[in-house]
Amino acid sequence: MEGKEEDVRLGANKFAERQPIGTAAQSQDKDYKEPPPAPLFEPGELSSWSFYRAGIAEFMATFLFLYITILTVMGVVKSSTKCSTVGIQGIAWAFGGMIFALVYCTAGISGGHINPAVTFGLFLARKLSLTRALFYIVMQCLGAICGAGVVKGFQKGLYENNGGGANVVAPGYTKGDGLGAEIVGTFILVYTVFSATDAKRSARDSHVPILAPLPIGFAVFLVHLATIPITGTGINPARSLGAAIIYNKDHAWDDHWIFWVGPFIGAALAALYHQVVIRAIPFKSRS
């Protein structure tokens, strides 16, 4: 009996009764140290194979993203009745599911951005250098153009007669409505990226397992459900640019600026909110 009581006492000391929550959890850093900000320019990257490998990963991921999602869009819009297709929900799942899969595949190589707005937000937070950010954005745009081009190559007539998956502001909505939808939608996405990949959160809340690609993909899915009827959902300038270039009709370019300005504003606001409000980095005492 005494042996059992000793085991209980040892167990009580070895395993805490509960994990700290709220501000108590925030006070425990678990040996976490804030990483230094990335340099603005890092010329040494240009001579590193890992730099170019990451760019190739971004190209391939964005290529596959456009290929699957634009094909899904074409399958829905070509039908006279949406009941015989996956519908808007299926389109949203295609976008969200592909982001989940591709971020999972490329996160360890390039960070799994697959979106110039995500890259821009992380750059503003000094998570990567300007050199890498510009390289990523170029490779993402090239991948998106190639992905949409392959879809058009399958059935050129179907592609051109059904909008080519290009983002435009829907009838009944103003350009301001479209811009607002893109800003808020991208804010949700980039804020989720910051939260899901926060190294301090991972250290502090290590008892809560999290698969970062899952909330990111789910955020993309939900934003698409909400904003497909307004703009077709951009929240990714590379996706919008690739479809616009391959479709190449005047009305696809009329509102195209919205799908760059909106996501970049949304990404900047998400970076500012996470770094200043959530993490309070500018207010931390420097030792």
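User: What is the mean pLDDT of the chain?

Analyst: This is a predicted model, in which local features need pLDDT of at least 70, side-chain atom pairs count only at pLDDT 80 or more, and totals for chains, interfaces and linings use all residues. Residues are numbered from 1 along each chain as its sequence is written, and side-chain values use heavy atoms, without hydrogens and water. pLDDT is the predictor's confidence in each residue, from 0 to 100. Of the chain's residues, 82% reach 70 or more, and the mean pLDDT is 85.

User: Over which residues does pLDDT stay under 50?

Analyst: The model has eight contacts (heavy atoms within 4.5 Å) beyond four places in sequence for this stretch. The stretch with pLDDT under 50 is residues 10-29.

User: How are α5 and α6 oriented to each other?

Analyst: Helices here are DSSP runs (H or I, at least four residues), numbered from the N terminus. The axes, lines fitted to C-alpha atoms over the stretch in contact, have angles from 0 to 180 degrees between N-to-C directions. α5 and α6 pack at about 175°, with axes 9 Å apart. Angles over 145 degrees count as roughly antiparallel, so α5 and α6 are roughly antiparallel.

User: Which residues of α6 meet α5?

Analyst: From α5, the residues in this contact are Pro116, Thr119 and Phe123. Their partners in α6 are Leu130, Ala133, Tyr136, Ile137 and Gln140.

User: Which residues does Leu189 touch, not counting those up to four places away in sequence?

Analyst: Leu189 has contacts with Asn115 and Val118. The others that Leu189 touches are Ile216, Val220 and Ile235.

Definitions and conventions
Helices (H or I, at least four residues) and strands (E, at least two) are DSSP runs, numbered from the N terminus. Angles under 35 degrees count as roughly parallel, over 145 as roughly antiparallel, 65 to 115 as roughly perpendicular and the rest as oblique.
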